[in-house]
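Biologist: I am new to this structure and would like a close look at a single part of it, chosen by you. Please begin with how that part packs against what surrounds it, and then work outwards, step by step, to the rest.

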Amino acid sequence: MKVFLIIGAINAFLAVALGAFGAHGLEGKLTEKYMKIWEKAVTYQMFHATGLLVVGLLSGKLPDVSLVNWAGWLMFIGIILFSGSLYVLSVTQIKVLGAITPLGGLSFLAAWVVMMIAVYKYL
């Protein structure tokens, strides 16, 4: 429970910090296309940081914590792969990094499905 609350809070903090950095530090340095990619990375990181906080709270309520833990780790992996690849893509403009992004998206989708199953089954 505690680990996902901490990971969620760290990722929420980072999403805010990276959003501010993008808005102020990268303004004028990236094209509009790459700024939008940066913003998408921040948005998805914040959504899933919130998801991690929900995972942390659910893990204390549900008897089968393994499903909830899977959801949390899949969200965390998704943040790294999805948002991480988009951050790097934005600043390096190495387009091959875009191939990693869908793996993060699949991880996000799997996390939400696993969470749905856990909630349906045990709540």
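Modeller: I will take helix α3 as the part to follow, beginning where α3 packs against α4, with the two axes 7 Å apart and an angle of about 160° between them. Because angles over 145 degrees count as roughly antiparallel, that angle makes α3 roughly antiparallel to α4. The crossing in which α3 passes α4 is left-handed. Please keep in mind throughout that this is a predicted model, and that what follows describes the model as it was computed.

α3 covers residues 65–92, while α4 covers residues 101–122. In the loop between α3 and α4 sits glutamine 93, whose backbone deserves a pause, since glutamine 93 has a positive phi of about 60° although it is not a glycine. Its relative accessible area is 37%, which means that glutamine 93 is partly exposed.

Within α3 itself, a useful marker is glycine 84. Its relative accessibility is 23%, so glycine 84 counts as partly exposed, given that buried would require under 20%. If you look for what lies across from this glycine in space, one residue to find is tryptophan 38: glycine 84 and tryptophan 38 are separated by 46 residues in sequence, yet their C-alpha atoms are 9.7 Å apart.

The next neighbour to consider is α2, which covers residues 32–61. As a general point, two packed helices are described by the angle between their axes and the distance between the axes. For α2 and α3 that angle is about 165°, and the axes are 9 Å apart. α2 is therefore roughly antiparallel to α3, and the crossing of these two helices is left-handed.

While we are at α2, there is a contact between side chains to look at. Side chains of opposite charge can pair when their charged atoms come close. Here the side chains of glutamate 32 and lysine 36 form a salt bridge, with 3.5 Å from N to O. Both of these residues lie in α2, four residues apart, which is about one turn of the helix. Glutamate 32 has a relative accessibility of 58%, so it counts as exposed. A search of the whole structure finds one salt bridge, and the contact between lysine 36 and glutamate 32 is a salt bridge of this kind.

Returning to α3, its third partner in this account is α1, which covers residues 2–25. The axes of α1 and α3 come within 11 Å of each other and cross at roughly 20°. Angles under 35 degrees count as roughly parallel, and α1 and α3 are therefore roughly parallel to each other. As α1 passes α3, the crossing is left-handed.

Along α1, several residues show how the helix is placed. Isoleucine 7 belongs to α1, and with a relative accessible area of 12% it is buried. The C-alpha atoms of isoleucine 7 and alanine 49 are 7.6 Å apart in space, although 42 residues separate the two in sequence. Isoleucine 10, also in α1, has 45% relative accessibility and so counts as partly exposed. Together with Ile6, Phe13 and Leu14, Ile10 forms a nonpolar patch on the surface, and the four residues have about 390 Å² of accessible area together. Further along α1 is glycine 22, which counts as buried because its relative accessibility is 1%. From glycine 22 to valine 114 there are 92 residues in sequence and 32 Å in space, C-alpha to C-alpha.

Stepping back from α3 to the whole, the protein has four helices and zero strands, and reading along the sequence gives the pattern α-α-α-α. Of the 123 residues in the protein, 40% are buried. Taken along the principal axes, the C-alpha atoms fill a box of roughly 50 × 25 × 15 Å. To bring the packing of α3 together, this helix is roughly antiparallel to α4 and α2 is roughly antiparallel to α3, whereas α1 and α3 are roughly parallel.

Key
Residues numbered from 1 in each chain as written. Predicted model: local features only at pLDDT ≥ 70, side-chain atom pairs only at ≥ 80, totals over all residues. Heavy atoms only, no water. Patch = residues over 30% accessible without salt bridge, like charges linked within 9 Å, V, L, I, M, F, W, Y side chains within 5 Å. Areas by Shrake-Rupley, 256 points an atom, 1.4 Å probe, with all protein chains shown as cover. Buried < 20%, exposed > 50% of the residue type's maximum accessible area, 1.4 Å probe, protein only. Axes fitted to C-alpha atoms, helices over the stretch in contact; angles between N-to-C directions. Parallel < 35°, antiparallel > 145°, perpendicular 65-115°, else oblique. Left-handed = near helix turned anticlockwise from the far one by under 90°.
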